[in-house]
Amino acid sequence: MAKGNHSAITEFILLGLTDNPELQALLFCVFLLMYLVTTVGNLGLIVLIQTSPQLHTPMYFFLCHLAFVDFCGTSAITPNTLVNSLRKIKSMSFYACATQVCCFITFSVWELLMLSVMAYDRYVAICNPLLYVALMPRRLCIQMVTSSYIYGFTVGLIQAVATFKMSFCNSNVVNQFYCDDVPLIALACSDTQVKELMLLIIAGFNLFCSLIIVLISYVFIGFAILRIHSAVGRQKAFSTCASHLFSITMYYGTLSFMYLQPKSSHSLDKDKFASVFYAIVIPMLNPLIYSLRNQEVKSALKKFIEKVNISNQ
């Protein structure tokens with residue numbers, strides 16, 4: 001490995017999750033199955049929402065974009081992980097690594113913002129049901145999603161540029177199964193204080209702001225549910241939020257564990273396994289969480305299947 005600045009590096013070597021060949025084969029099968037479930041689940045949900053008129057509401061508009069973000073996020077990581085699990089040397093070119101960092105951060109921010117927007121949407125639907133359509137017109141929904149995409153891409157690009165402007169001269173071995181900011185910072189031989197501060201401030205700002213939106217929305221939702229006199233009404237209102245709450249808990253908890261820690265407290269080996277849950281498991285679970293207990297989605301799926309069967313006769 002030549003010493004010097006980052007221009008001397010042409011590739012990074014990913015350690016992956018294990019160097020045991022038998023475990024690598026098992027992980028390949030598990031990750032492949034999970035990626036197929038993720039792809040079918042998220043793309044299927046998008047098609048179902050787009051082709052079902054009864055699902056053309058703000059709630060499902062945002063859910064459609066969450067499914068798109070989940071699919072893109074895991075697609076930025078899992079296919080390359082599958083290929084590397086079959087290779088003895090898990091290498092990744094310098095620019096491919098930079099692209100993966102940019103994409104992964106972008107999709108992560110998109111997911112945060114989409115979960116926040118969905119919390120606000122639930123607040124409007126439950127606290128102002130009679131004004132829901134007026135307060136959440138399609139134009140506003142499109143503007144919220146578009147601004148989220150622009151902001152997320154900007155953050156991803158800035159963070160990736162800051163990471164790959166650092167000098168890497170001690171090692172090119174990344175202790176992760178994909179190119180990620182934290183293990184790359186650990187490899188840098190130049191001053192990393194600015195980059196670490198950027199990561200902490202921007203990640204903290206995104207987490208804090210999105211979490212505040214979620215918490216305030218659910219505080220008002222909680223009070224609104226308590227004012228409902230009917231037990232059936234309270235159950236129905238809560239059930240519309242349960243899936244979103246579960247998804248938020250998984251995502252925010254894992255993200256906080258991975259990024260909002262001082263450098264001295266980080267264990268990259270623990271982060272790797274948290275990353276599996278964050279990058280591969282959650283995108284697989286989300287379409288299941290939002291559809292299995294959702295009667296509207298079940299009804300739309302039943303009608304879609306009936307329509308397909310009729311067209312094939």
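Which helix supplies the largest share of the lining of the largest pocket? I began with this question, working on a predicted model, and found that H9 does, with seven residues.

**Entry 1: the largest pocket**

I looked up the volume of the largest pocket and noted about 690 Å³. The lining has 27 residues, and those closest to the pocket centre are Met-59, Tyr-60, Arg-122, Thr-240 and Glu-296. When I sorted the lining by element, I found that H2, H4, helix H5 (132–135), H9 and H11 each supply at least two residues. By class I recorded 13 nonpolar, nine polar and five charged residues in this lining.

**Entry 2: cavities**

I then turned to enclosed space and found four cavities of 30 Å³ or more in the structure. I took up the second largest cavity, which holds about 130 Å³ of space. It is lined by 13 residues, of which Gly-16, Leu-17, Thr-81, Ser-85 and Lys-90 are the closest to its centre. Both H1 and helix H3 (78–85) supply at least two residues of this lining, and H1 gives the most, with four residues. The class count for the lining of the second largest cavity came out as six nonpolar, six polar and one charged.

**Entry 3: nonpolar cores**

Next I asked which residues have the most contacts inside the largest nonpolar core. They are Phe-62, Leu-63, Tyr-251 and Tyr-252, in a core of 65 residues. I listed the helices that each supply at least two residues of this core, and they are H1 (21–51), H2 (58–75), H4 (94–127), H6 (138–164), H8 (193–226), H9 (231–259), H10 (268–292) and H11 (295–312). H4 supplies the largest share of this core, with twelve residues. Apart from this core I found another, of 24 residues, which includes Ala-98, Phe-168, Val-182 and Ile-185.

I followed Phe-62 further and, leaving out residues up to four places away in sequence, I recorded that Phe-62 touches Met-114, Val-117, Met-118, Asp-121, Met-136, Cys-141, Met-144 and Val-145.

**Entry 4: aromatic pairs**

A search of the whole structure gave me 17 aromatic pairs. I checked the geometry of Phe-94 and Tyr-95, whose ring centres are 5.3 Å apart and whose planes stand at 85°, so this pair is edge-to-face. I also looked up the exposure of both partners: Phe-94 is buried, with a relative accessible area of 9%, whereas Tyr-95 counts as exposed at 65% relative accessibility.

Why does the pair of Phe-104 and Tyr-278 count as edge-to-face? I noted that the ring centres of Phe-104 and Tyr-278 are 5.4 Å apart and that their planes stand at 85°, so the pair falls in that class. This pair links distant parts of the chain, with Phe-104 in helix H4 and Tyr-278 in helix H10, 174 residues apart.

Is Phe-104 buried or exposed? I found that Phe-104 is buried, with a relative accessible area of 4%, and Tyr-278 likewise counts as buried, at 4% relative accessibility. Finally, I traced the ring pairs outward and noted that they link Phe-104, Phe-177, Tyr-178, Tyr-251, Tyr-252 and Tyr-278 into a cluster. Of these, I had already met Tyr-251 and Tyr-252 among the residues with the most contacts inside the largest nonpolar core.

Notes. Residues numbered from 1 in each chain as written. Predicted model: local features only at pLDDT ≥ 70, side-chain atom pairs only at ≥ 80, totals over all residues. Heavy atoms only, no water. Core = buried A, V, L, I, M, F, W, Y, C linked by side-chain atoms within 4.5 Å. Buried < 20%, exposed > 50% of the residue type's maximum accessible area, 1.4 Å probe, protein only. Contact = heavy atoms within 4.5 Å. 1 Å grid on protein atoms, 1.4 Å probe; cavity = no way out; pocket = protein on both sides within 12 Å on 5 of 7 lines; lining within 4 Å. Points joined across faces, edges and corners; volume = space filled by probe spheres on them. Nonpolar A, V, L, I, M, F, W, Y, C, P; charged D, E, K, R; others polar. Phe/Tyr/Trp six-rings, centres within 6.5 Å; stacked < 30°, edge-to-face > 60°.
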